[in-house]
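I opened this entry to keep track of what I looked up. My notes follow the order of reading.

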Amino acid sequence: MEQDLVGTLADLKEDEALAIVRARLEAGDDPMAIFEDARRAMEVIGQRFAAAEYFIPELVYAGEIMKEISALVKPSLGAGGEAERLGQVVLGTVAGDIHDIGKDIVGFMLDVNGFQVLDLGVDVQPERFVDTVKESGSTIVGLSAFLTISFQSLKDTVEAIEEAGLREQVKIMIGGGPVDEQVRRYTGADAWGKDAMEAVDLAKSFVEGVSS
Amino acid sequence: MTATTPEKTWAELSPEEKRDARFRTYLAPEGIEFASPEAEERYRAGVTRFRDVIELRTPDRVPVLINATFMPAKISGVLPHTIMYEPEVLASTFKQFLVDYEPDYYFTPAIIGDGKVFEILDIQQVAWPGHGVAKDSGYQYVEGEYMRADEYHALIDDPTDFWMRTYLPRVCGALAGLANIAPFTDLWEIVLVSGHMVTFGTPDVQKALQALMDAGTRALTWIQHVGAFEAEARGLGFVSAAGGISKAPFDILADTVRGTRGTMVDLHRRPEQVLEAVERLTPLAIKQGVTGATAQANPVVFMPLHKGADGFMSDEQFRTFYWPSLKAVVVGLVNEGCVPCLFCEGGYNSRLEYLTELPKGSCYCIFDRTDMARAKEVLGDTVAIGGGIHPGLVLTGTAEQMRERCKELIDTAGRGGGYVMAFGTAMDEGNPETVHAMIDFTKEYGVYR
């Protein structure tokens, strides 16, 4: 049964996966165990995305199914402990830019790869990134930008983090349609990535860098 | 030139003859007074150069397209908000840009749109400068499911009716009342007429009709300035880059109707309906492009492409949901003598082989993050290519770096012709130093000897 949910969900068989969840809840199964299976399925989905077997439609669809599973499971869920996380990422689309799809995909991939994601949404002012880093003690910041006018916001955000004396504490990665190495140099970020998998690789490399 | 007999009707002309007829009108625009013989020469050379590129002959030199949206404003310190609300400033700003920078081809200021028209219609789908985003921003789309998952049948049954009574009332707040009217195709006998008119007497519908009339009045003022600019620009020897606009049917559905998220999920939950919808939109996309090209006496149909880019969907999904209808639109436009410009933002590295199926020497593809040398290798014998200038280079690079990139592009993508220097994305901003370098260097180094 447990194996079923992981495999079925990873194969994106929506109706079957939801039926398994309902049956397990009715059978009095531990909701945390169901969640853990769903999380493992998302991990497989992330691996398939990384291996170019799955693409954006599959990630978005997986996210939709996950929402439905959460809605089913959450009512029966007590205060459970969070799983161990690799690290914490403050994520957001920079000031003046309201695009969220790329950012959401990065957030999803970071999450299924073991990072806790503090998603600040879109059009996020530099001060909010600064405040969130201060409050959370996060060591990674991910800045998303879809427009060329956002190059300046990327740079402003990096500078605000620097001015707040937090630059040594965090690694900053940037990404989004027009972002490349040239833009990274301009903004002063530590790294840039062209897609969600590169964001995960960067975040992992940052964490390893810190612990070594 | 293909000889055409005067007796032939338009429908009897071959695609090549139609294209020839469209290019002849493009080359000798009606009612244009050229500022000087040099200006006329420049205009004609620009069109001829473009035709040589498209038809895969070596032109006199690599042409330069400045595919810009708000760039002409921002590069000269004018707020995007200002050109959206003051049509006379829109026209004068775009003209000054052409005079100062002298590209071969430009994007019409008509694509900027008028802020007051947007306000009158109360457009919900876009945040524009000073209205949801800062006055110095470009416009940004507000993603949403403007068509619900259970409405495919309505779109497929009757797209026009769906647009008028379902989609537009959601996208334009002021047109909400249109949701209350009955389909016009219900009007087929005299006994139905009076009953059909009833909703037109209600305040909501009358408010919507008033909004359309007010938007129309404002749009007339706006188009007078845009039209005057277009005549003046041609008179100075500059060539408008496109006449019509169209899109991949999948993008029409996924960008602004069903929304990105909705469509992505639909690929799994209701793939047949997605396919049926894009097939239904295909003839409409062809008609739209042809109509624009004819009205503007310019054969080029600009097609911004989005969801077919590398990494968005799998090869199988691209082959199933995206490519067949896109190809049908391109072929349909070419059959009407148009020159589709496929504007491939993002990367198209994994899709290049598909593009070899396009009709030879009749359209062109502008690339953004695609490997330009490989694009040339794969497509060189089939269609012309363009682009390869990245926004990061334009906005944060130096003139020297720009010249290096242009040289690299001319030496590879431009080898033997078939290439247009252009930005990979439509630019909202610019940097005088790099934009001048791009244009001037291409004109100098891009000469074919």
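Below are my entries on confidence, one helix, one sheet and a few single residues.

**Confidence.** I noted at the start that this is a predicted model. The predictor gives the complex an ipTM of 0.90 and a pTM of 0.93. I then checked chain B. Its mean pLDDT is 96, and 99% of its residues score at least 70.

**Helix 5 of chain A.** I checked its length against its residue count. Helix 5 of chain A covers residues 101-112, twelve residues in all. At 1.5 Å a residue the expected span is 16 Å, and the end C-alpha atoms lie 17 Å apart, so the two agree. Next I asked how many of its residues are buried. The count is eleven of twelve, so I wrote this helix down as mostly covered. The buried set includes the charged-name entries A:Lys103 and A:Asp104. I also listed A:Phe108, A:Met109 and A:Leu110 among the buried residues. Just past the end of the helix, A:Gly114 has a positive phi of about 100°.

**Sheet in chain B.** I asked in what order the three strands lie. The order is 4-3-5, in an open sheet with mixed pairing. Strand 4 (132-133) and strand 5 (140-141) of chain B are at the edges. Each has a single partner strand, so one side of each has no neighbour in the sheet. I then looked at one pairing. Strand 3 (residues 126-129) of chain B runs parallel to strand 4 of chain B, over two bridges. Within strand 4 of chain B, B:Gly132 stands opposite B:Trp128.

**Positive phi outside glycine.** I noted A:Ala52, which is not a glycine yet has a positive phi of about 60°. A:Ala52 sits in the loop between helix 3 (31-50) and helix 4 (56-73) of chain A. Is A:Ala52 buried or exposed? A:Ala52 has 12 other C-beta atoms within 10 Å, so it is exposed. In chain B I noted B:Leu56, also not a glycine, with a positive phi of about 60°. B:Leu56 belongs to the loop between helix 2 (37-54) and strand 1 (65-66) of chain B. B:Leu56 counts as partly exposed because it has 18 C-beta neighbours inside 10 Å.

**A:Glu159.** My last lookup was in helix 7 (residues 150-163) of chain A, where A:Glu159 is found. A:Glu159 has 14 C-beta neighbours inside 10 Å and therefore counts as partly exposed. I also checked its separation from A:Gly188, 29 residues away along the chain. The two C-alpha atoms are 8.0 Å apart.

Conventions
Residues numbered from 1 in each chain as written. Chains lettered and ligands numbered in written order. Predicted model: local features only at pLDDT ≥ 70, side-chain atom pairs only at ≥ 80, totals over all residues. Helix = DSSP H or I, 4+ residues; strand = E, 2+ residues; numbered from the N terminus. Buried ≥ 20, exposed ≤ 12 C-beta atoms within 10 Å, placed from the backbone. pLDDT = per-residue confidence, 0-100. Pairing = 2+ DSSP bridges. Expected span 1.5 Å × (residues − 1).
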